[in-house]
Amino acid sequence: MCGIVGYIGSREAAPIVLDGLSKLEYRGYDSAGLAILNNGEIQITKAVGRLKVLENLTHGGETMPGSAGIGHTRWATHGAPSDMNSHPHFNKEGTIAVVHNGIIENYIALKKKMQDKGYEFVSETDTEVLAHLLDYYYKGNPLEAITKVLHRVEGSYALGILFAEHPGDIYAVRKDSPLIAGQNDDGCFIASDVPAILKYTRTVYYVDNQEVVRLSGDKLYFYSVDGEELNKEAVTIDWDANAAEKEGYEHFMLKEIYEQPKTVTDTVSPRVKNGEIVIEELNMTDEELQNIKRIHIVACGSAYHTGVAAKYIFEGLVRIPVEVDVASEFRYRSPILQEGSMVIVISQSGETADTLAALREAKKQGYKVLGIVNVVGSSIAREADNVMYTWAGPEIAVATTKAYSAQLSALYLLAMKLGRARGTIGDELFGELLEDLRKLPNQIELLLGQKQKIQRFANRYVGAKDIFFVGRGIDYAISLEGSLKLKETSYVHSEAYPAGELKHGPISLIEDGTLVVAVSTQPMLYQKTISNMVEVKARGAFVMAVTCEGNKAIEKAADYVLYIPESNPYFANSLAIIPLQLFSYYVAVGKGCDVDKPRNLAKSVTVE
């Protein structure tokens, strides 16, 4: 949510900041703004709407000269999208400018305090209180003013700050909201995420909680919340810079759908050595794995759906009880973690606020946490006891595709490792699972070859108002993700239900012509699912089935069938989701939706 970029150095700042913000559009936003410091004065330009509006207003930054600047894309939390509520915010004299990601939880009390001292507020945001607090405490020393403010605010924040009296510096702060700093021979940068500055530098510092950064020319200085100078280690980013570009695809989402064979390969291959699963990041012996009595999987959105699938996989292959929680519910239900529990948190960004809070709750109760994340150096990666990276590379489209597939692959490996250690997966079954796992990338390639067939079918449902997804067992988990992809990208109302629940209410929603997508990849449940398909057809539904090759019996109950290659039923999710992703994509394209940046959504949800 929101994006921050800052630059100070020997070049013009505004074009660099605008370029960086364009790389963060995937995070979700409704307005954008720039603050550029030049000749001791701060010039601010803000605009509601897409970044293009701001670029046009400033002629690509040319009308805002200066070699120090901060920029922001805002996702509204406090106050509606408007020029006044857009960032940057500033003090009355316009000598201090602030951009902010996150939420200041005690801003109402702070706002009243500042109003009592004569400060006037012009916006509805929580961020403006920071500008006035900085003004109040500033006596010539920016670091001193910043540390005093940090001791008085509660909540989550990443801040970029300009002081007109200090034209050679930019200050930045982080607490529970992602922030990185980087440098090259031309100057220094801050950003919410790596893609914003990857074009300019691969030398990055991950800012930790309650740390302050001073960007001064081509040098970076780090301080604690008490103003003590810190030493930090730089990280070299080895991403392929082209991975954050479309490379000829119409949308990032389509590009990332097509990257899934490579994503699965990159996640699996390094962890299969000499015919065994080797997950060095676990740092757990077979004896420790044998002592696990229960697994808790905690995540949000699509990552939660991988957890739902993993419940069936772990319980089926490893015979260990699994609880799956939406992260926002986990920490508020006073979870009871028993001795021998293993907590797994899953997040593409590694910055998901509710998932991060769940991680901290588990650690507070004394339990070790395994993080499955995609972003090296992210908050979850640093705070989890152990981390398993998914190696999907940068994912730009808001609706996840390849990161979802990578998370599934990581969970397959983990289940096989646990089953091997606990003796629930014998040599023969393990060999079959390993062979099927190795086949997945090629099988995904085959499914991607059906895109034209899926596109033609999707074109029939561009005008659909309601679409339902049903399935049993792992197929229910697949249905959840298929439904989410559709509503995220196309804004079509869509719901997923366990197929056995149809008669308990949802079937009343079926009308003539309603599309029902029936996922049926589990051979033991074929007949049960066919019965549910017959039920909805009898009430006028048009049924599209996604099933495995060889299940010809389904053709009697379905109006349209998409077949996936034969694989182990536990791995079916990785295959069945491909046509559903493509279906969602082409419905959204047909409706003219902004596929990569759906309305009201953000890639990295860093606030509650």
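Me: Why are strand β12 and strand β13 said to pair?

Reply: Strand β12 (residues 211-216) and strand β13 (residues 219-224) are joined in the antiparallel sense over 6 bridges, and since pairing asks DSSP for at least two bridges between two strands, they qualify. Within this pair, serine 216 stands opposite lysine 219 in β13. The model is predicted, with local features needing pLDDT of at least 70 and side-chain atom pairs pLDDT 80 or more, while totals for chains, interfaces and linings use all residues. Residues are numbered from 1 along each chain as its sequence is written, and side-chain values use heavy atoms, leaving out hydrogens and water.

Me: What makes β5 and β14 edge strands?

Reply: The open sheet of 7 strands follows the order β5-β6-β7-β8-β12-β13-β14, with antiparallel pairing, and β5 (89-90) and β14 (229-230) each pair on one side only. A strand here is a DSSP run of E with at least two residues, and a helix a run of H or I with at least four.

Me: Why are β19 and β22 placed at the edges of their sheet?

Reply: In the open sheet of 5 strands, the order is β19-β18-β20-β21-β22 and the pairing is parallel. Both β19 (322-326) and β22 (386-389) have a single partner strand, so one side of each lacks a neighbour in the sheet. From one strand to the next the twist averages 20 degrees. Strand β21 (residues 369-373) is joined to β22 by 4 bridges, and valine 373 stands opposite tyrosine 389 in β22. Helix α13 packs on this sheet, touching β18, β20, β21 and β22, where touching means heavy atoms within 4.5 Å.

Me: Why is α13 called roughly antiparallel to α14?

Reply: The axes of helix α13 (residues 402-422) and helix α14 (residues 427-448) come within 11 Å and cross at roughly 170 degrees, on a scale from 0 to 180 degrees between N-to-C directions of lines fitted to C-alpha atoms. That angle makes α13 roughly antiparallel to α14, because the label is for angles over 145 degrees (under 35 is roughly parallel, 65 to 115 roughly perpendicular, the rest oblique). Among the residues of α13 that meet α14 are Tyr412 and Leu413.

Me: How do you know that glutamate 259 and lysine 402 form a salt bridge?

Reply: Their side chains meet at 2.7 Å, N to O, and the rule asks for a side-chain nitrogen of Lys or Arg within 4 Å of a carboxyl oxygen of Asp or Glu. Glutamate 259 lies in the loop between α6 (252-258) and α7 (260-268), and lysine 402 in helix α13, so the pair ties together parts that are 143 residues apart in sequence. By this rule, the count comes to 31 salt bridges.
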